[in-house]
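Work through the exercises below with the model open beside you. Try each task before you read its solution.

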Amino acid sequence: MDYVESVLEELKAKDPNEPEFHQAATEILRGLRPVVEKHPEYERAALLERFVEPERVVMFRVPWVDDGGKVRVNRGYRVQFNSAIGPYKGGLRFHPSVNLSIIKFLGLEQILKNSLSGLPIGGGKGGADFDPKGKSDGEVMRFCQSFMTELYRHIGQDTDVPAGDIGVGGREIGYLFGQYKRIANEHVGVLTGRGLSYGGSLARTEATGYGLVYMVEEALKCRGDGLKGKTLIVSGSGNVAIYAVEKAQSLGAKVVAMYDSNGYIYDKKGIDLAVIKQIKEVERGRIKEYAERVKTAEYHEGCRGIWAIPCDIALPCATQNEIDGESAKLLVKNGVKLVGEGANMPTTLDGIAVFQRAGVVFLPAKAANAGGVATSALEMAQSSSRLFWPFEEVDAKLKNIMINIYHNMDRAAEEYGVKGDYVAGANIAGFMKVASAMMSQGIV
Ligand code: NDP
């Protein structure tokens, strides 16, 4: 058994109940095989063993009182995975499915994503098994305050800077920041994704979706093509999905389908994003309502059917493991040419293999959705310098970062003999900087 497989084996034996973490570690470590073969000193320094072991894991009780006066208890997490190249950085996810395995998979991915962004940020992730859906603003506020009452002692603008993720948008960040400021008595950039009136950055809301589309456009441009006239499917209808659709439409693409966790809409004339924004951002409603308001649209219960719709480009932007091997085969059969991952790990290992065998251009999450965290790092820079940059300046920096990431992973894949394999390319390009920093800092 080689070094990579023995590390994976040990990891699975140590934490057998963490399937999502195993999946992410398997994808990453196997992609790094050419690197560890070229650098035998990494094995002597147990670099991979240290890389997959978080520096610190915090798990905590989050008690709060609902509107009916009933005491509720959730579980909070913060995984401070790797600080070799900068303070821990990564979002908070509030969703009933959250557990340690999911937070560890997200944290591991985050290390490489943050490194790829070219900015000085380490990797972390956190969250809680709390579902903000159906809760009143007061309940969400009390939950966020309780969550931060424990978390505040573990974070700091130079230590660990959380942000949003699924279920954590502007409202939640506001409540979390308010509580941090109240306890720590400092108004600093300890969270990103803040509102514009209290230290946020312009273009942060749009950044992950826009960044994804900037990378897609660059990948197409390098193949003598572009988004104009292409048919897209974008799964999800949250922050990432909405702004991916906005940018894709502005570049001339037609988006025909989107979903939420109940079902999908298909609008062959092209989705009217203003209606989606009204339902999702203003009313916090269900996507089903789109078909009630737009005559050309159909609504279907369940999500999987979306992948049977013919398209040129698929952008999964909802959650992990949305596209399995079967869905990937359907997409390929119907002519998909490019898949760009807006969500984290939305494609299973089987699904990735199907796309790669079929020659589909596959842009993996840690590269394709790095625009969000990159812009968070730009928010940190603005906070530290007490400056506020115009939208165009942040957006131009974001675009530049996404184009650079694309070329870095493309070059890394070619250099290590796996040209066009962007899964390996992104893992290698992200890992090299972290590995170099870890090797320089001794056995820590
Ligand atoms: P949001 O909470 O804004 O939106 C999530 C969307 O995905 C919603 O439409 C939600 O539907 C849907 N969804 C969630 N779980 C499921 C499920 N099990 N099946 C089907 N649909 C589901 O989250 P974001 O847009 O912020 O995040 C989406 C993805 O992008 C996540 O993987 C996240 O980690 C990743 N990401 C986000 C970044 C950001 O800046 N926000 C940065 C980088 C990555 P419903 O409302 O019904 O739950």
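The exercises cover the ligand site and then the domains.

This is a predicted model: local features need pLDDT of at least 70, side-chain atom pairs count only at pLDDT 80 or more, and totals for chains, interfaces and linings use all residues. Residues are numbered from 1 along each chain as its sequence is written, and side-chain values use heavy atoms, with hydrogens and water left out.

**Exercise 1.** Find the residues that come nearest to the ligand.

Solution. Start with the shell: 25 residues surround the ligand (a residue is near if one of its heavy atoms lies within 4 Å). D165, T208, S261, R286 and N344 come nearest. Next, sort the shell by type: 7 residues are nonpolar, 12 polar and 6 charged. Here Ala, Val, Leu, Ile, Met, Phe, Trp, Tyr, Cys and Pro count as nonpolar, Asp, Glu, Lys and Arg as charged, and the others, Gly among them, as polar.

**Exercise 2.** Locate polar partners for oxygen atoms of the ligand, and state how much of the ligand the protein covers.

Solution. Look for pairs of N or O atoms within 3.5 Å. The side chain of N344 places an N or O atom 2.8 Å from a ligand oxygen. Backbone comes next: a polar atom of V240 lies 2.9 Å from a ligand oxygen, and one of G167 lies 3.0 Å from a ligand oxygen. Now the cover: on its own the ligand has 880 Å² of accessible area, and the protein covers 84% of that (Shrake-Rupley method, 1.4 Å probe).

**Exercise 3.** Between which domains does the ligand lie?

Solution. List the domains: domain 1 (1-53), domain 2 (54-187) and domain 3 (207-368). Their bounds come from an automatic or database domain assignment. Domain 2 and domain 3 both give residues to the shell, so the ligand lies between them.

**Exercise 4.** Describe how domain 1 meets domain 3.

Solution. Take the C-alpha centres first; they lie 31 Å apart. Then count contacts (heavy atoms within 4.5 Å): 6 residues of domain 1 touch 7 of domain 3. The two domains bury about 540 Å² between them, 62% of it on carbon and sulfur atoms. E20, Q23 and E27 supply 81% of the area that domain 1 buries there. Buried area is the accessible area (1.4 Å probe) that two parts lose on being put together, summed over both.

Note on methods. A polar contact is a pair of N or O atoms within 3.5 Å; within protein, one must be able to donate a hydrogen and the other to accept it, and residues adjacent in sequence count only if both atoms are side-chain atoms.
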